Amino acid sequence: MARRVVVGDLRVQQIERKDGRRSWTIVWPEGSIHSEADRFLRLHDGSGTQKTYAYYLVDHLRWLERECLAFDKVVLRDLERHMGIVGAEVRMPLGEPWRIGKRPYGRSALSTAAACLKGFYLHQSSLGVNGELGKQLDTSRLPTRADRRRAFLGQVKSTLPTNPLAPTGPHRRHPKMLPDGARDKLLGW
(Lines give C-alpha, C1' and ligand atoms only; values in the text may rest on other atoms or scores of the structure.)
Protein backbone atom coordinates (compact mmCIF):
# COMPACT_ATOMS: atom_id res chain seq x y z
CA MET A 1 0.00 0.00 0.00
CA ALA A 2 1.46 3.32 -1.05
CA ARG A 3 1.52 5.99 1.60
CA ARG A 4 0.48 9.47 0.65
CA VAL A 5 -0.30 12.67 2.47
CA VAL A 6 -4.02 13.40 2.49
CA VAL A 7 -4.73 17.08 1.91
CA GLY A 8 -8.22 18.54 1.80
CA ASP A 9 -9.96 15.40 3.06
CA LEU A 10 -10.75 13.59 6.29
CA ARG A 11 -7.76 11.57 7.46
CA VAL A 12 -6.61 9.19 10.18
CA GLN A 13 -4.19 10.73 12.65
CA GLN A 14 -1.87 8.85 14.98
CA ILE A 15 -1.56 10.25 18.51
CA GLU A 16 1.54 9.54 20.60
CA ARG A 17 0.70 9.27 24.31
CA LYS A 18 3.07 10.31 27.13
CA ASP A 19 3.41 6.71 28.28
CA GLY A 20 4.57 5.61 24.81
CA ARG A 21 1.24 4.14 23.66
CA ARG A 22 -0.37 5.12 20.38
CA SER A 23 -3.97 6.05 19.70
CA TRP A 24 -5.77 6.83 16.48
CA THR A 25 -8.39 9.41 15.65
CA ILE A 26 -9.93 11.06 12.62
CA VAL A 27 -9.33 14.72 11.83
CA TRP A 28 -10.94 17.20 9.48
CA PRO A 29 -8.87 18.75 6.64
CA GLU A 30 -8.09 21.83 8.75
CA GLY A 31 -6.75 19.62 11.58
CA SER A 32 -9.59 19.66 14.11
CA ILE A 33 -10.76 16.34 15.57
CA HIS A 34 -13.91 14.72 14.18
CA SER A 35 -15.74 14.55 17.52
CA GLU A 36 -18.26 11.76 16.73
CA ALA A 37 -15.59 9.48 15.31
CA ASP A 38 -13.19 10.27 18.16
CA ARG A 39 -15.83 9.39 20.79
CA PHE A 40 -16.37 6.02 19.13
CA LEU A 41 -12.66 5.29 18.64
CA ARG A 42 -11.94 6.08 22.30
CA LEU A 43 -14.06 3.07 23.22
CA HIS A 44 -11.35 0.95 21.59
CA ASP A 45 -8.36 2.84 23.02
CA GLY A 46 -5.41 0.55 23.70
CA SER A 47 -6.70 -2.27 21.50
CA GLY A 48 -5.52 -3.38 18.10
CA THR A 49 -8.92 -2.66 16.60
CA GLN A 50 -8.71 1.09 17.07
CA LYS A 51 -6.38 1.65 14.10
CA THR A 52 -8.32 -0.74 11.87
CA TYR A 53 -11.66 0.81 12.78
CA ALA A 54 -10.23 4.29 12.20
CA TYR A 55 -9.33 3.47 8.60
CA TYR A 56 -12.69 1.80 7.85
CA LEU A 57 -14.55 4.64 9.54
CA VAL A 58 -12.68 7.40 7.68
CA ASP A 59 -13.59 5.70 4.40
CA HIS A 60 -17.24 5.64 5.46
CA LEU A 61 -17.18 9.26 6.64
CA ARG A 62 -15.70 10.37 3.31
CA TRP A 63 -18.54 8.54 1.57
CA LEU A 64 -21.13 10.20 3.84
CA GLU A 65 -19.67 13.60 3.03
CA ARG A 66 -19.75 12.83 -0.69
CA GLU A 67 -23.37 11.66 -0.47
CA CYS A 68 -24.33 14.70 1.70
CA LEU A 69 -25.75 12.46 4.45
CA ALA A 70 -25.83 13.43 8.12
CA PHE A 71 -25.64 10.86 10.95
CA ASP A 72 -29.27 11.43 11.92
CA LYS A 73 -30.48 10.94 8.33
CA VAL A 74 -28.66 7.66 7.53
CA VAL A 75 -30.93 4.61 7.13
CA LEU A 76 -30.10 0.93 6.88
CA ARG A 77 -30.52 1.02 3.11
CA ASP A 78 -27.75 3.67 2.89
CA LEU A 79 -25.39 1.47 4.90
CA GLU A 80 -26.21 -1.52 2.69
CA ARG A 81 -25.50 0.62 -0.38
CA HIS A 82 -22.16 1.71 1.11
CA MET A 83 -21.23 -1.92 1.78
CA GLY A 84 -22.16 -2.75 -1.82
CA ILE A 85 -19.94 0.01 -3.13
CA VAL A 86 -16.91 -1.25 -1.17
CA GLY A 87 -17.39 -4.84 -2.34
CA ALA A 88 -20.37 -6.63 -0.75
CA GLU A 89 -22.89 -8.41 -2.93
CA VAL A 90 -26.11 -6.43 -2.65
CA ARG A 91 -28.99 -6.26 -5.07
CA MET A 92 -29.69 -2.58 -5.53
CA PRO A 93 -28.48 0.35 -7.58
CA LEU A 94 -25.27 1.54 -5.93
CA GLY A 95 -24.85 4.97 -7.46
CA GLU A 96 -21.62 6.42 -8.78
CA PRO A 97 -18.37 4.47 -8.37
CA TRP A 98 -16.61 5.14 -5.11
CA ARG A 99 -12.97 4.49 -4.25
CA ILE A 100 -11.86 4.66 -7.91
CA GLY A 101 -8.62 2.79 -8.48
CA LYS A 102 -8.93 0.66 -5.32
CA ARG A 103 -9.83 -2.99 -5.17
CA PRO A 104 -13.08 -4.04 -3.49
CA TYR A 105 -12.84 -5.38 0.06
CA GLY A 106 -12.48 -9.13 0.54
CA ARG A 107 -14.77 -11.18 2.77
CA SER A 108 -12.75 -10.63 5.93
CA ALA A 109 -12.44 -6.89 5.33
CA LEU A 110 -16.19 -6.67 4.66
CA SER A 111 -16.89 -8.41 7.99
CA THR A 112 -14.60 -5.99 9.81
CA ALA A 113 -16.12 -2.96 8.07
CA ALA A 114 -19.61 -4.22 8.94
CA ALA A 115 -18.63 -4.62 12.60
CA CYS A 116 -17.13 -1.13 12.63
CA LEU A 117 -20.21 0.50 11.08
CA LYS A 118 -22.59 -1.39 13.34
CA GLY A 119 -20.59 -0.39 16.41
CA PHE A 120 -20.36 3.23 15.29
CA TYR A 121 -24.07 3.62 14.63
CA LEU A 122 -25.05 1.73 17.80
CA HIS A 123 -22.80 4.14 19.71
CA GLN A 124 -24.46 7.09 17.96
CA SER A 125 -27.85 5.61 18.84
CA SER A 126 -26.87 5.31 22.51
CA LEU A 127 -26.07 9.03 22.44
CA GLY A 128 -29.56 9.80 21.10
CA VAL A 129 -28.67 10.21 17.41
CA ASN A 130 -30.71 8.15 14.93
CA GLY A 131 -32.37 5.74 17.36
CA GLU A 132 -34.37 4.07 14.58
CA LEU A 133 -31.20 2.92 12.81
CA GLY A 134 -29.86 1.68 16.14
CA LYS A 135 -32.96 -0.50 16.60
CA GLN A 136 -32.55 -1.94 13.10
CA LEU A 137 -28.87 -2.77 13.70
CA ASP A 138 -29.39 -4.23 17.18
CA THR A 139 -30.78 -7.57 16.00
CA SER A 140 -30.29 -11.12 17.18
CA ARG A 141 -30.82 -14.66 15.94
CA LEU A 142 -31.29 -18.12 17.38
CA PRO A 143 -28.05 -20.05 17.95
CA THR A 144 -27.30 -23.06 15.77
CA ARG A 145 -26.00 -26.36 17.08
CA ALA A 146 -22.49 -25.40 15.97
CA ASP A 147 -22.78 -22.09 17.86
CA ARG A 148 -23.79 -23.91 21.02
CA ARG A 149 -20.85 -26.33 20.72
CA ARG A 150 -18.34 -23.50 20.24
CA ALA A 151 -19.52 -21.35 23.12
CA PHE A 152 -18.68 -21.76 26.78
CA LEU A 153 -21.97 -22.70 28.46
CA GLY A 154 -23.52 -22.85 25.02
CA GLN A 155 -26.50 -24.80 26.31
CA VAL A 156 -27.79 -21.68 28.08
CA LYS A 157 -27.52 -19.37 25.07
CA SER A 158 -30.92 -18.34 23.78
CA THR A 159 -29.95 -15.62 21.29
CA LEU A 160 -26.84 -14.42 19.47
CA PRO A 161 -26.20 -10.94 18.07
CA THR A 162 -26.21 -10.61 14.32
CA ASN A 163 -25.09 -7.93 11.91
CA PRO A 164 -27.36 -7.12 8.95
CA LEU A 165 -24.41 -5.48 7.17
CA ALA A 166 -22.09 -8.52 7.36
CA PRO A 167 -21.55 -10.69 4.27
CA THR A 168 -23.81 -13.72 4.06
CA GLY A 169 -23.32 -17.19 2.68
CA PRO A 170 -20.93 -19.98 3.48
CA HIS A 171 -17.36 -19.13 4.35
CA ARG A 172 -14.76 -21.41 2.79
CA ARG A 173 -11.43 -21.46 4.48
CA HIS A 174 -9.78 -23.47 1.74
CA PRO A 175 -10.70 -23.31 -1.95
CA LYS A 176 -11.72 -26.62 -3.50
CA MET A 177 -9.90 -26.01 -6.78
CA LEU A 178 -6.23 -25.51 -7.48
CA PRO A 179 -5.17 -22.20 -9.05
CA ASP A 180 -4.81 -22.10 -12.85
CA GLY A 181 -1.68 -23.90 -14.02
CA ALA A 182 -0.85 -25.38 -10.62
CA ARG A 183 -1.79 -28.92 -11.65
CA ASP A 184 0.70 -28.96 -14.54
CA LYS A 185 3.46 -27.54 -12.35
CA LEU A 186 2.83 -30.17 -9.66
CA LEU A 187 2.77 -33.05 -12.15
CA GLY A 188 5.93 -31.77 -13.84
CA TRP A 189 7.80 -31.66 -10.55
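**Reading helices α2 and α4**

Reader: Let's start with α2. At 1.5 Å a residue, what should its 19 residues span, and how far apart are its end C-alpha atoms?

Author: The general idea is to multiply 1.5 Å by one less than the number of residues. For α2 that gives an expected 27 Å, and the end C-alpha atoms are 27 Å apart, so the two values agree. Keep in mind that this is a predicted model.

Reader: Which residues of α2 are buried?

Author: Buried here means under 20% relative accessible area. In α2 the buried set is Gln50, Tyr53, Ala54, Tyr56, Leu57, Val58, Asp59, His60, Leu61, Arg62, Trp63 and Leu64.

Reader: And what do the buried residues of α2 pack against?

Author: Their partners are two strands, β1 (11–16) and β2, and three helices, α1, α3 and α4.

Reader: What happens to the backbone just after α2?

Author: Cysteine 68 takes a positive phi there, about 60°, although this residue is not a glycine. You'll find Cys68 in the loop between α2 and α3.

Reader: Is cysteine 68 buried or exposed?

Author: Exposed is the word for anything over 50% relative accessible area. Cysteine 68 has 70%, so exposed it is.

Reader: Where else does a residue other than glycine have a positive phi?

Author: Try asparagine 130, with phi near 60°. Asn130 sits in the loop between α4 and α5. Its relative accessibility is 14%, so Asn130 counts as buried.

Reader: Now α4. How does the span check work out for its 20 residues?

Author: You run the sum just as before. Helix α4 covers residues 107–126, which should span 28 Å, and the end C-alpha atoms are indeed 28 Å apart. After the helix comes glycine 128, with a positive phi near 95°.

Reader: Which residues of α4 are buried, then?

Author: Ala109, Leu110, Ala113, Ala114, Cys116, Leu117, Lys118, Phe120, Tyr121, His123 and Gln124. They pack against the helices α1 (35–42), α2 (49–67), α3 (76–86) and α5 (131–137), and against the strands β3 (139–141) and β4 (160–162).

Reader: Serine 111 is missing from that list. How does it count?

Author: Serine 111 does belong to helix α4, but at 33% relative accessibility it counts as partly exposed. If you want a distance to try out, take Ser111 and Lys176: 65 residues apart in sequence, they are 22 Å apart in space, C-alpha to C-alpha.

Reader: How should I describe the way α1 and α4 cross?

Author: Look at how close the axes come and at what angle. The axes of α1 and α4 come within 10 Å and cross at roughly 110°. Angles from 65 to 115 degrees count as roughly perpendicular, so that is the label for this pair. On the α1 side the contact is made by Glu36, Ala37, Arg39 and Phe40, and on the α4 side by Cys116, Gly119, Phe120, His123 and Gln124. Sorted by class, that contact has four nonpolar, three polar and two charged residues.

Reader: What about histidine 82: where is it placed, and is it buried or exposed?

Author: His82 is part of helix α3. Its relative accessibility is 3%, so it counts as buried. Beyond residues up to four places away in sequence, His82 touches Asp59, His60, Trp63 and Leu117.

Reader: How many residues are in the largest nonpolar core?

Author: The general idea is that nonpolar side chains in soluble globular proteins tend to be buried together. Here the largest such core has 36 residues, and those with the most contacts inside it are Ile26, Leu57, Leu61, Met83, Tyr121 and Leu165. At least two core residues come from each of β2 (22–27), α1, α2, α3, α4 and α5. Take methionine 83 as an example: neighbours within four places in sequence aside, Met83 is in contact with Ala88, Leu110, Ala113, Ala114, Leu117 and Leu165.

Reader: Let's zoom out. How many helices and strands does the protein have, and in what order do they run?

Author: There are seven helices and four strands. From the N terminus, read them as β-β-α-α-α-α-α-β-α-β-α. The C-alpha trace spans about 60 × 50 × 45 Å along its principal axes, and 33% of the 189 residues count as buried. Among contacts with a separation of 6 or more, 49% are between residues 24 or more positions apart.

How values were computed: Residues numbered from 1 in each chain as written. Predicted model: local features only at pLDDT ≥ 70, side-chain atom pairs only at ≥ 80, totals over all residues. Heavy atoms only, no water. Buried < 20%, exposed > 50% of the residue type's maximum accessible area, 1.4 Å probe, protein only. Contact = heavy atoms within 4.5 Å. Axes fitted to C-alpha atoms, helices over the stretch in contact; angles between N-to-C directions. Parallel < 35°, antiparallel > 145°, perpendicular 65-115°, else oblique. Nonpolar A, V, L, I, M, F, W, Y, C, P; charged D, E, K, R; others polar. Core = buried A, V, L, I, M, F, W, Y, C linked by side-chain atoms within 4.5 Å.
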